[in-house]
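Visitor: Could you take me on a close look at the sheet in this model and at what packs around it? I would like one connected walk through that part.

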Amino acid sequence: MSGAGDGAGRAPRVRYWDFRRYYAAARERVLARLDGVLASGRLVLGPEVERFERAFAAACGAAHAVGVASGTDALVLALRAVGVSAGDEVVTVANTAVPTAAAIRLAGATPVFAEVEESTFLVDASRLEERITPRTRCLLPVHLFGQGADVATLGALARRRGLALVEDCAQACGATVDGRRVGSFGEVGAFSFYPTKVLGGVGDGGMAVTSRGELAGRLRRLRFYGMGPEGIAEEDGVNSRLDELQAAFLAQRLEGLADEVARRREVAAGYAAGLSGVGDLVLPEPGPGRSHQYYVYTVRTARREGLRRRLAERGVETKVNYPVPLHLMPAFARFGGGPGSLPVTERLAGEVLSLPMHPELTGEEVAIVVDEVRAFFTGGRAG
Ligand SMILES: *Cc1c(COP(=O)(O)O)cnc(C)c1O
């Protein structure tokens, strides 16, 4: 691979994400665990899932964890478990991944989009109450990019207004707010193990955590055709099971998660050291009382398109999370107030750019990204 890295047709110099590096280092360990599962002959909802559920609940500071087939399913079943049904409104944000609102629709409910804070990209808890109507049933904050939203304020609001609180923790596994893990503030926390996530699997998977026994029981029924332990269907359910192979992989990855996150934070510190004060860049910073898992490292600049193009030409992969807010997408436009209704969300969509972020990035690669970004703003040429 050429150091010049002119983009077109060549392998990138710095990849946005790369599972192969994780696997190269973990191969022996992973294969031993998967071999154990295959040799056991138990393939679905068996001892590996139970073991992983217990470990995951403990890691979240919750009493119960229920493994499901995806993060989207974790959200849908969480909403259904807390009583959200057709015609209800669920207040969330438009600055999130599509599945947040898709899950609300799958539960039969209507998404209502609240504004976010410019500095954190997260829901503006002080303004969310404006969006509550007599039809509101649930609040669904999103812990975006690896940082916890203001769930302490939202939990108090939900209690005061008699609403449920479900947390979308898909991007922030392990993040804390005032020392407490996300997913433990609301009735249910929903997690995703999609491969790129902080705790990434080798395919789809998800988890719903709760400290309320009756909700855990309901989630277990809903994920398995609505059946109780004796195989009697008690309500409308779905098939949303976690596989034993997936659970075995995830359980071994969970053991090393703290190290992976520590490495993500080192990468973030490298970017912060190299990029603060450069051009009009605004760098991400954990809000007060928050830890940051750096699922992604998202900067802001008015020159986003130019920077993105230049980095692509120089072999640095980037992503835009997210270019179009949900209230402006055809699937959800009828639930929002149209262009201009969420000015902060809409402004962020035009300015955000996510730099390469994964635990296996080398110091050299971080330096390449820093040099290329600096060169763009100073008009110079890196390396
Ligand atoms: C990834 C993600 C989900 C959905 O998870 P899947 O496992 O892909 O279904 C939900 N919400 C957010 C914010 C996500 O990033």
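Guide: Happy to. Let's begin with one pair of residues: valine 93 has alanine 114, in strand 3, as its bridge partner. That pair belongs to a parallel pairing, in which 5 bridges join strand 2 (residues 89-93) to strand 3. Please keep in mind throughout that this is a predicted model.

Now step back to the whole sheet. It is an open sheet of 7 strands, in the order 1-9-8-5-4-2-3, with mixed pairing. Strand 1 (64-68) and strand 3 (110-114) stand at the edges with a single partner strand each, so one side of each has no neighbour in the sheet. From one strand to the next, the twist averages 30 degrees.

Next, look at what packs on this sheet. Helix 3 (residues 71-81) touches strand 1, strand 2, strand 4 (136-139), strand 5 (164-168), strand 8 (188-192) and strand 9 (206-210). The direction of helix 3 makes about 165 degrees with that of strand 8. Helix 7 (residues 213-223) lies across strand 1, strand 8 and strand 9, and runs at about 10 degrees to strand 1. Strand 1, an edge strand, is thus a place to find both helices: helix 3 touches strand 1, and helix 7 lies across it too.

These two helices also meet one another. The axes of helix 3 and helix 7 come within 10 Å and cross at roughly 125 degrees; helix 3 and helix 7 are therefore oblique to each other. The crossing in which helix 3 passes helix 7 is right-handed. If you want to pick out the side chains on your screen, helix 3 brings Leu77, Ala78, Arg80 and Ala81, and these meet Leu215, Arg218, Leu219, Leu222 and Arg223 of helix 7. By class, the residues of this contact are 6 nonpolar and 3 charged, with no polar ones.

For a companion view, turn to another helix pair. Helix 1 (residues 19-40) and helix 8 (residues 244-255) pack with their axes 9 Å apart, at an angle of about 125 degrees. That angle makes helix 1 oblique to helix 8, and their crossing is right-handed. On the helix 1 side, the residues in contact include Phe19, Tyr22, Val30 and Leu34; on the helix 8 side, Leu245, Ala248 and Phe249 are among them. The contact of helix 1 with helix 8 has 10 nonpolar, 1 polar and 5 charged residues.

Two backbone details are worth a stop as well. Most residues other than glycine have a negative phi, and most peptide bonds are trans. Leucine 45, in the loop between helix 1 and helix 2 (47-60), has a positive phi, near 40 degrees. Asparagine 321 and tyrosine 322 are joined by a cis peptide bond, with omega about 5 degrees. Tyrosine 322 sits in the loop between helix 10 (304-313) and helix 11 (343-351).

Finally, here is the setting for all of this. The protein has 12 helices and 11 strands. Its radius of gyration is 21 Å, close to the 21 Å that the globule rule gives for 383 residues, so the protein is as compact as a globular protein of that length. Along the principal axes, its C-alpha atoms fill a box of roughly 70 × 55 × 35 Å.

Note on methods:
Residues numbered from 1 in each chain as written. Predicted model: local features only at pLDDT ≥ 70, side-chain atom pairs only at ≥ 80, totals over all residues. Heavy atoms only, no water. Pairing = 2+ DSSP bridges. Helix = DSSP H or I, 4+ residues; strand = E, 2+ residues; numbered from the N terminus. Axes fitted to C-alpha atoms, helices over the stretch in contact; angles between N-to-C directions. Contact = heavy atoms within 4.5 Å. Parallel < 35°, antiparallel > 145°, perpendicular 65-115°, else oblique. Left-handed = near helix turned anticlockwise from the far one by under 90°. Nonpolar A, V, L, I, M, F, W, Y, C, P; charged D, E, K, R; others polar. Rg over C-alpha atoms; globule rule 2.2 N^0.38 Å.
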